[in-house]
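This briefing sets out selected features of one protein model, grouped by topic. Please read it alongside the sequence and the coordinates.

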Amino acid sequence: MALAALGQRTRQILLGTSLTCPVYRYAPTVIAQAFATLGNLYPGRIFLGLDVGDPIREAPSGDDWVDLRARAERLVEAVAIIRRLWHGGQVTHYGHHFHLRDAQIIELPVRPVPLYIVAHDVPGMSLAGRYGDGLIPSARAACDSDLRAASSDRLTPFKAATCLSHHRGSSCI
């Protein structure tokens, strides 16, 4: 609701999330639907930032904190589901972590919603390079010169140019 309210009160800034975790707390179908709706309300101004989660947010809700590799696998599968839903039609998916039967988004976004992946380290940057439209560096990654240098090695020139820390006039929630 905060993004919808910000979109209504502003005209130009990019709006999106930086720590949406489709791994356990939020279902990829719900995220895909919410951002398709936001994409329709504010075409060209919405982005989706996904993350593998963190124990501060996950553990209090009763979720077990599993190793990063398993969380990354779930993130990759969630990204695939979200993208398939945004392409339209019914989606049936029986993956390793998620199961859908005839899921569908009725009103697809007017313009594609960019999907950025938050990276805390070099493996996260590799995930962003392979599966995202761009990168949102964590505070640690943005301040670490070795990680900044590694990001240019891991991302295509287009994706490196779409590193969200380089955008002026963007707002993350």
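Helices α2 and α4 are oblique to each other, a description that rests on a packing angle of about 45°, since angles that are neither under 35 degrees, nor over 145, nor between 65 and 115 count as oblique. The model is a predicted one, and the values below are computed from it. The protein has 173 residues, of which 45% count as buried, and its secondary structure comes to 8 helices and 7 strands.

**Packing of α2 against α4**

- Helix α2 spans residues 28–41 and helix α4 spans residues 68–86, and the axes of these two helices lie 9 Å apart.
- The crossing in which α2 passes α4 is right-handed.
- On the α2 side the contact is made by Pro28, Thr29, Ile31, Ala32, Phe35 and Ala36, which meet Ala78, Ile81, Ile82, Leu85 and Trp86 on the α4 side.
- By residue class, this contact of α2 with α4 consists of 10 nonpolar residues and 1 polar residue, with no charged residue taking part.

**The salt bridge**

- How many salt bridges does the structure hold? The count is 1, and it is formed by the side chains of Asp133 and Arg83, with an N to O distance of 3.3 Å.
- The salt bridge links distant parts of the chain, for its two residues are 50 residues apart, with Arg83 in helix α4 and Asp133 in the loop between α5 (122–131) and β6 (134–137).
- Asp133 has a relative accessible area of 25% and is therefore partly exposed, and Arg83, at 25% relative accessibility, likewise counts as partly exposed.

**Leu108 and its surroundings**

- Leu108 is located in the loop between β4 and β5, the latter strand covering residues 115–119.
- Once neighbours within four places in sequence are set aside, the residues in contact with Leu108 are Asn40, Leu85, Trp86, His87 and Gly88; of these, Leu85 and Trp86 also belong to the α4 side of the contact with α2.
- Gly88 and Leu108 are 20 residues apart along the chain, while their C-alpha atoms are separated by 6.7 Å.
- Is Leu108 buried or exposed? Its relative accessible area is 31%, so Leu108 is classed as partly exposed.

**Asp102 in strand β4**

- Asp102 lies in strand β4, which comprises residues 99–103.
- Although Asp102 is not a glycine, its phi is positive, at about 55°.
- With a relative accessible area of 43%, Asp102 is partly exposed.

**The start of the chain and long-range contacts**

- Met1 belongs to the segment before α1, a helix that covers residues 2–9, and Met1 is exposed, because its relative accessible area is 90% and the exposed class begins over 50%.
- Met1 and Ala34 are separated by 33 residues in sequence, and the distance between their C-alpha atoms is 9.7 Å.
- Across the protein, 63% of the contacts between residues at least 6 apart in sequence join residues at least 24 apart.

Methods. Residues numbered from 1 in each chain as written. Predicted model: local features only at pLDDT ≥ 70, side-chain atom pairs only at ≥ 80, totals over all residues. Heavy atoms only, no water. Axes fitted to C-alpha atoms, helices over the stretch in contact; angles between N-to-C directions. Helix = DSSP H or I, 4+ residues; strand = E, 2+ residues; numbered from the N terminus. Left-handed = near helix turned anticlockwise from the far one by under 90°. Contact = heavy atoms within 4.5 Å. Nonpolar A, V, L, I, M, F, W, Y, C, P; charged D, E, K, R; others polar. Salt bridge = Lys/Arg side-chain N within 4 Å of Asp/Glu carboxyl O. Buried < 20%, exposed > 50% of the residue type's maximum accessible area, 1.4 Å probe, protein only.
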